[in-house]
Amino acid sequence: MDKHTIILTLEELGFALTALGAEDMASGLLQSYYGELSEDRWELLFHAATHSLISKGLMEQRDDGQQQLEFDPFLVEILAQLVQSRHMLRGYKEQSDKQNILTIHNGNDRFLYHFSSHNELHFFRWSFPEDWYNDIGQLFGLLPSDFNSHSRYVDLTEEQWNELTSSNFTMQRTLAWKLSESDREVIQVWHEDFQHNYRCLDNLSRMVYTDTDEDGPSVTDLLFVLKGANDLWIVRNTEQDMQAAPCLRMESVTEAEWREQMTHFIQAFVNDEAVLRG
């Protein structure tokens, strides 16, 4: 097996996490896919996962009378980082039939790459910041031809944004927004791309867990992404004052501007990791 990348099914990942003491994480992953299952059903899933992990060489069952399981040290190291991670870079891509999620986890001076396809297959490897431009581009399915040669943007209030993304939006509503004709044209193109994409937006974010978080991680940075017919759109809050009302910039970016935005995310993530290490 390639020691640089480990590929696990959901059942294998759930069993390994459970066996290594991370039952809560395993339960969350499995129940989000299967829902509530009987104890017999869980046993069948884990029994199959055991044989699969053994066949992959990721686990051995020691026949010493105690039926002890011994996991591959590389797998243990990777899953320990996954469980202990408190800070991540996360990308989410939704398609008509599945969701792809990329997370980069920090810890112990290393970064763990974790890609999940519809929560069915999970890919793990150690990663480096120079890899992430390509990793993020692959997640969103970006090609050089997806970028316009020039940028254009419109700044919206939160109220306008909520109207724009509502199910009953019409361009007639923008007449009250006091926008220029060129801004209204940009909004119309964006909304057509939004509709064509089943009213779905992908996103890239930075997340931080603290010991006091009871409702999940805190999002410290968020970028919405929409791949259009002729534009790559991003939506971000350009207001620096976190206490002030958001100023949401809806922007068609060039390839150079996209890379600049990715540099912002990557540098902030790496710098936060240094801070967290103290």
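Me: Before we look at any helices, what are the axes that people draw through them?

Reply: Axes are lines fitted to C-alpha atoms, and for helices the fit covers the stretch in contact. The angle between two axes runs from 0 to 180 degrees, taken between N-to-C directions. Keep in mind that this is a predicted model.

Me: OK, so how do I describe two helices that pack together?

Reply: Two numbers do the job: the angle between the axes and the distance between the axes. Try helix α2 (residues 23–34) and helix α3 (residues 39–55): their axes are 13 Å apart, at an angle of about 110 degrees.

Me: Are α2 and α3 roughly parallel or roughly perpendicular to each other?

Reply: Angles of 65 to 115 degrees count as roughly perpendicular, and α2 and α3 are therefore roughly perpendicular to each other.

Me: Which residues in α2 and α3 meet?

Reply: From α2 you have Leu 30, Gln 31 and Tyr 34, and they meet Arg 41, Trp 42, Leu 45 and Phe 46 in α3. Sorted by class, that contact has five nonpolar residues, one polar and one charged.

Me: Now for helix α1 (residues 10–19). At what angle does α1 cross α2?

Reply: Roughly 155 degrees, with the two axes coming within 7 Å. Anything over 145 degrees counts as roughly antiparallel, so α1 is roughly antiparallel to α2. The crossing of α1 past α2 is left-handed.

Me: And what makes the contact between α1 and α2?

Reply: On the α1 side, look for Leu 10, Glu 11, Leu 13, Gly 14, Leu 17 and Thr 18. The α2 side brings Glu 23, Met 25, Ala 26, Leu 29, Leu 30, Tyr 33 and Tyr 34. Nine of the residues in this contact are nonpolar, two are polar and two are charged.

Me: How do α1 and α3 cross?

Reply: Their axes come within 8 Å and cross at roughly 95 degrees, which means α1 is roughly perpendicular to α3. Glu 11, Glu 12, Gly 14, Phe 15 and Thr 18 of α1 touch Leu 45, Phe 46, Ala 49, Thr 50, Ser 52 and Leu 53 of α3. By class, that's five nonpolar, four polar and two charged residues.

Me: Let's switch to a single residue. Is Asp 135 buried or exposed?

Reply: Buried means under 20% relative accessible area. Asp 135, in helix α5 (residues 129–139), has 7% relative accessibility, so Asp 135 counts as buried.

Me: Which residues does Asp 135 touch?

Reply: Leaving out residues up to four places away in sequence, Asp 135 touches Leu 102, Tyr 113, Arg 125 and Ser 127.

Notes:
Residues are numbered from 1 along each chain as its sequence is written. This is a predicted model: local features need pLDDT of at least 70, side-chain atom pairs count only at pLDDT 80 or more; totals for chains, interfaces and linings use all residues. Side-chain values use heavy atoms; hydrogens and water are left out. Helices (H or I, at least four residues) and strands (E, at least two) are DSSP runs, numbered from the N terminus. Angles under 35 degrees count as roughly parallel, over 145 as roughly antiparallel, 65 to 115 as roughly perpendicular and the rest as oblique. Contact means heavy atoms within 4.5 Å. Ala, Val, Leu, Ile, Met, Phe, Trp, Tyr, Cys and Pro count as nonpolar, Asp, Glu, Lys and Arg as charged, and the others, Gly among them, as polar. Buried means under 20% relative accessible area, exposed over 50%, partly exposed in between (1.4 Å probe, protein chains only). A crossing is left-handed if the near helix is turned anticlockwise from the far one by less than a right angle, and right-handed if clockwise.
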